[in-house]
Amino acid sequence: MAIGGSNQPAAPAKSEKTPLPKPENDGNDKPEKFDPQEEAAGRPKPLLMDKFSHKAEANTLFTSGKYEFAINKYDEAVAVCPDYLDYELAVLRSNIAACHLKLEEWKEAVSNATTALDGLDRLEQQEKEKKEKEQAQVDEPGAAKNDDAEEEIISAGAAKAGPALPTSSEDESNEAARQKRQDDIARIRAKALMRRARARSELGGWSNLEGAVEDYKRLAGMTNLAAADRKVVQAQLRALPPLAKAAQEKETAEMWSKLKELGNGLLKPFGMSTDNFQMVKDEKTGAYSMNFQGGGMMMLKIGSHEPQFKLQWQNWVISAKTAKSAEPLSVGRFVWRKQLNFLLQRYPIPLEINTTSKSTKYRESVVMDVDMDTGMVPLNPQQLGSARTGATILCCNCGAPIDGTASAGALCYDCIKSTVDISQGIPREGVLHVCRDCDRWLMPPASWVTATLESRELLSLCLKRLRNLGKVRIVDARFVWTEPHSRRIKVKITVQDAVADGVMMQQSFEVVYVVANQQCRECAKSYTANVWRAAVQVRQKVTHKRTFLLLEQLILKHQAHRDTINIKEEKDGIDFYFAQRNQAEAFIHFLKSVVPVHTKESRHLISADTHTGNKSYKYNYSAELVPVCRDDLVALPLKIAKSLGNISPLVLCWRIGTSVNLLDPNTLQTAELSAETYWRAPFAPLAGAPEMVEFVVMDIEPSNQRKGKWVLGEATVARASDLGVNDNTYFARTHLGSLLHPGDSVMGYMLTGTNFNSDALDAIENSRAYGSTIPDVVLVKKHYANRRKNKRRNWKLKRMAKDEGDLLPKAADQARLDAE
């Protein structure tokens, strides 16, 4: 398949286009172009011939699945292709993008598809300018006159020797060629957009997903898309916008988190963090303003003549204004705080304290100290009175000034954080035990819980394994990524605790758990012989295993075998072993809900305690499936046929569910035979799938009688093996009237000339009511003779893990079986 027509989305190329050497062109820097006569004669120059050969080889390599070699060939074609051939370069770049898509190299696919689209944009612009120029020449007033004057001057001989003037047919051909060129550009653009959109969606991320959405929107507006491509575009337009929005929110959150970490790193030396600032959005302009919060907020406003100071503490506002001019103040934290303290101590300042409840004015000289720490303990408004009552002391450890009324043991907050460890006594290492067979984790002393890695259940188990963790308050706990093969699990825990009156301390630390293997009791039993407590023996007495294959898929679909400790395949069936009796009973209940089954129960005494009366049993459950399968020919006992709505006793089984569904092909009458009714009077099928014979439809005439998907018809058939041997044909009424046509192959049962060892069929033949209704042929299903058998599939059927060791016979037994 040549990939110039591939409709799959695309992505960027590994290497840029190799620049061509500039040909000698009499001093001009213009690229080499072909002569019009050469192009018209179809004799391209060597560069273009090389380009065509490289492209053909690359298409062949792509078809054979050698995408990397195809990329190299396409790159060689790009290298020899002239720069001004934008369309050819766009096709090559689009094909390179398709190769990168096959190799799942999304970035390279996006780059090459973008290059192809840029070339197409340039080409469309050139075509547009050329068309506008031609239109301007046509609309020019003197154009027609000049043409007429030239015609008058040209002689007859010159007119014959010269080139023919363009006629209306030539104009139409030029317009058709231009239209074809535009269609080709639109087709290549659609392919490049599809490939770039798919590559962007696979790359992920906000920008890539938004770009993919834009590409799909452009594709949705194009009219040259195929139905399948348009369906893909519509599906992606529904699925990608929510993903793009989620990626945007995620990247925004990561950006703010990184900015917060950077801000905390810058503010930490000053005793602050980003938690002291609040971003407030202006709804009118959309801009953000930053407010200082926490214990208090201090603002400094410097006028042209006199400085103004304002200290805000929760709902208290203290404003001060100097009467004299002062030296300029800088806004650095330590610089302007010291200078402000110096000014407040040097100049007598009238103070005005405003609260939400009262207003009191003071006009006396007050010494203010603004060097207070607002990091950990906020000052209550009730502590502010008509005058300052706090006492400033020095930290006993580092000598830093602190508020003595709120200090914790005469220590500043930095010293408290460096000397007090609230996580003391909590271990930093632990051991977690996991069972490798069932992937469960040990919850001491003896319980096992199911938990996946980095789940809430596993995090809860990790926290419960730590001693003394209940003495502190857990604020946060999360997993820290580790290598999967390291057998280590790291958990980062953040705790809080009170270190003094009104002072809370928060601390984070990591705990490393070593993952150790330990087998749980249930798995240990499964590897020990004779530890099962209940067994379910599923049997079906038929020569094939079609029903068991269906039952196996149903068991896998509903996970009904999850409690088994062993599964063994035996003759005519499978044995399921369970550790508990209730698990076996649940499995029996599942079997009754999907297939018609007959069950029996028995128990075997293992041990008994004569003193306490306690006894230990092993339980065996026998589950026998109905031996009737789909497409089997069934001869019902006459009594059962009358109880099922007086249906004909010679019927087909068309489905096996919780009951057996029967169909009369002569009248389209259906009946449902329950498992209880069948096991009261069991019977065997008259014939099965191996006895079916291939027939060829010679003629068929459908009738107006219909029931669901079946249409009653009258068919004339002949055995496929009789064609060319004899002219024997058979008449049959069938339910396949809507499916069969003359010449089709159909599988059915040949009743004429066949001996059946069945008492029910003998009773039907001897019956006055049904003896004459037995047909020669019963058609079952349409057969496709030309369908290829053993077709290779891209999927593999799931199978249960069964123990088949007991089924393998010894060499002597195998030889005896082969001889029989």
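Good morning. Before turning to a particular loop, I should define its borders: strands here are DSSP runs of at least two residues, numbered from the N terminus. With that convention, D631 sits in the loop that joins β20, residues 615-625, to β21, residues 633-635. Please keep in mind throughout that this is a predicted model.

I shall begin with the pocket to which this loop residue belongs. The second largest pocket has a volume of about 880 Å³. Its lining comprises 25 residues, and those nearest the centre are R630, D631, W654, V780 and K781. Three elements each supply two or more residues to this lining: α15 (546-558), β22 (650-656) and β29 (777-783). Which element gives the most? That is β22, with 5 residues.

The character of the lining can also be described by class. Nonpolar residues number 13, charged residues 8 and polar residues 4. As for domains, at least three lining residues come from domain 3 (528-625), and at least three come from domain 4 (632-782).

Let us now look at two of the central residues, starting with D631. Is D631 buried or exposed? D631 is buried, because its relative accessible area is 15%, and the cut-off for buried is under 20%. Leaving aside residues up to four places away in sequence, D631 touches C653, Y749, V780 and K781. Two of these partners, V780 and K781, are themselves among the residues nearest the centre of the pocket.

This brings us to V780, which is part of strand β29. V780 is likewise buried, with a relative accessible area of 7%. What does V780 touch, if residues up to four places away in sequence are not counted? The contacts are D631, L652, M692, H735, L736, M747, G748 and Y749. Y749 therefore deserves a second glance on your screens, as a residue in contact with D631 and also with V780, contact being heavy atoms within 4.5 Å. In addition, the C-alpha atoms of V780 and A689 are 9.6 Å apart, although 91 residues separate the two along the chain.

Finally, I would draw your attention to another residue, R198, in helix α8, which covers residues 168-203. R198 has a relative accessible area of 24% and is therefore partly exposed, since that class lies between 20% and 50%. From R198 to A212 the C-alpha distance is 7.0 Å, with their positions 14 residues apart in sequence.

To close, I return to the pocket: D631 and V780 both lie among the residues nearest its centre, and the two touch each other. Thank you for your attention.

Methods
Residues are numbered from 1 along each chain as its sequence is written. This is a predicted model: local features need pLDDT of at least 70, side-chain atom pairs count only at pLDDT 80 or more; totals for chains, interfaces and linings use all residues. Side-chain values use heavy atoms; hydrogens and water are left out. On a 1 Å grid over the protein atoms alone, a cavity is a set of points where a 1.4 Å probe fits but cannot get out, and a pocket is an open set with protein on both sides within 12 Å along at least five of seven lines; lining residues have an atom within 4 Å of a point. Grid points are joined across faces, edges and corners, and a volume is the space filled by probe spheres set on the points. Helices (H or I, at least four residues) and strands (E, at least two) are DSSP runs, numbered from the N terminus. Ala, Val, Leu, Ile, Met, Phe, Trp, Tyr, Cys and Pro count as nonpolar, Asp, Glu, Lys and Arg as charged, and the others, Gly among them, as polar. Domain bounds come from an automatic or database domain assignment. Buried means under 20% relative accessible area, exposed over 50%, partly exposed in between (1.4 Å probe, protein chains only).
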